[in-house]
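The following exercises practise the reading of a protein fold. Each task is followed by a solution that proceeds step by step.

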Amino acid sequence: MALPPSSQEMIKEAVQQILLALGEDPNREGLLRTPERVAKMFSDVLDGNHSRPPIPTTFEELDGVPDQVVTHNTPFYAYCEHHMAIFTGTVAIGYVPKDNRVIGLSKLVRIFRYYCKRPTIQERIGMLTIKAILAHTNGAICQITAEHTCMSLRGIKSAGARTTTLTFNGAYSSNADLIHDFKKSIKNG
Ligand SMILES: [Zn+2]
């Protein structure tokens with residue numbers, strides 16, 4: 001999906017204003033198409049509120065399934081809603097299959113990325129991801145580790161500092177072994 005033309009037009013105008021506020025000449029060659037380029041970029045990376053959420057459909061019932069499925073080391077980026085600054089890192093998502101059915105691995109990542117594509121915070125992405133997955137499983141877990149440019153460029157200027165959030169529900173809430181195994185999978189993989 002993309003942002004509608006009217007939204008892209010609004011972004012273009014806003015970027016033009018920011019350039020003026022910075023004391024730039026928006027008509028100099030290097031900046032001439034910048035508002036348009038930023039609008040296109042935001043349309044690509046921040047179109048979540050104009051898209052449908054992916055449905056975590058499951059495959060047909062199998063004879064048996066693993067106790068837990070974990071996909072990890074998946075890179076991502078998102079924009080923090082407090083500064084509109086990028087944060088980037090990796091995510092690990094795990095779930096406990098229900099009724100002998102598994103979810104497509106790329107679907108797990110697609111659900112996660114859907115929640116990245118709007119101004120947001122790391123904590124909320126993890127929470128919404130496991131909520132979406134729980135309906136089709138017996139439990140979901142999401143560990144996100146990211147570096148926030150709003151922390152490394154400004155404020156306390158802590159370049160390299162990373163933030164990890166661990167969010168889980170369902171079977172993970174009552175069985176600490178599942179969390180232990182999840183962490184072991186991430187480490188060993
Ligand atoms: Zn921030």
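**Exercise 1. Domains**

What distance separates the centres of domain 1 and domain 2, taken over C-alpha atoms?

Solution. The structure is a predicted model. Begin with the bounds: the domain assignment places domain 1 at residues 5–50 and domain 2 at residues 69–188. Next, take the centres over C-alpha atoms; they are separated by 30 Å. Then examine the contact, to which domain 1 gives five residues and domain 2 gives five residues. Finally, sort the side of domain 1 that touches domain 2 by class: two residues are nonpolar, two are polar and one is charged.

**Exercise 2. Inventory of elements**

State how many helices and strands the protein chain has, and give their pattern along the sequence.

Solution. The count gives seven helices and four strands. Read along the sequence, these elements follow the pattern α-α-β-β-α-α-β-α-β-α-α. As for overall dimensions, the C-alpha atoms fill a box of roughly 65 × 35 × 25 Å along the principal axes.

**Exercise 3. The sheet**

In what order do the four strands lie in the open sheet, and which strands stand at the edges?

Solution. Work through the pairs of strands in turn.

1. β1 and β2 run antiparallel and are joined by nine bridges. Within this pair, Val-70 stands opposite Gly-94 in β2. The two strands form a hairpin with six residues between them, and Met-84 in the turn has a positive phi of about 55 degrees.
2. β2 pairs with β3 in the antiparallel sense over 11 bridges. Here Thr-88 stands opposite Glu-147 in β3.
3. β3, residues 137–148, is joined to β4 by six bridges, and these strands run antiparallel. Thr-145 stands opposite Thr-164 in β4.

Joining the pairs gives the order β1-β2-β3-β4 in an open sheet with antiparallel pairing. β1 (69–79) and β4 (163–168) each have a single partner strand and therefore stand at the edges, with one side of each left without a neighbour in the sheet. On average, neighbouring strands of this sheet are turned by 20 degrees against each other, direction ignored.

**Exercise 4. Helices on the sheet**

Which strands do helices α3 and α4 meet, and at what angles do the helices run to β1 and β3 respectively?

Solution. Take α3 before α4. Helix α3, residues 105–116, lies across β1 and β2 (86–97), and runs at about 25 degrees to β1. Helix α4, residues 122–134, packs on the sheet and touches β1, β2, β3 and β4. The direction of α4 makes about 160 degrees with that of β3.

**Exercise 5. A pair of helices**

Describe how α3 and α4 cross, and classify the residues of their contact.

Solution. Two packed helices are described by the angle between their axes and the distance between the axes. For α3 and α4, the axes come within 9 Å and cross at roughly 140 degrees. Angles over 145 degrees would count as roughly antiparallel, and 65 to 115 as roughly perpendicular; α3 is therefore oblique to α4. The crossing of the two helices is right-handed.

Now list the residues. From α3 come Leu-108, Ile-111, Phe-112, Tyr-115 and Cys-116. From α4 come Ile-125, Leu-128, Thr-129, Ala-132 and Ile-133. Sorted by class, the residues of this contact divide into nine nonpolar, one polar and no charged.

Note on methods: Residues numbered from 1 in each chain as written. Predicted model: local features only at pLDDT ≥ 70, side-chain atom pairs only at ≥ 80, totals over all residues. Domains from an automatic or database assignment. Contact = placed C-beta atoms within 7 Å. Nonpolar A, V, L, I, M, F, W, Y, C, P; charged D, E, K, R; others polar. Pairing = 2+ DSSP bridges. Axes fitted to C-alpha atoms, helices over the stretch in contact; angles between N-to-C directions. Parallel < 35°, antiparallel > 145°, perpendicular 65-115°, else oblique. Left-handed = near helix turned anticlockwise from the far one by under 90°.
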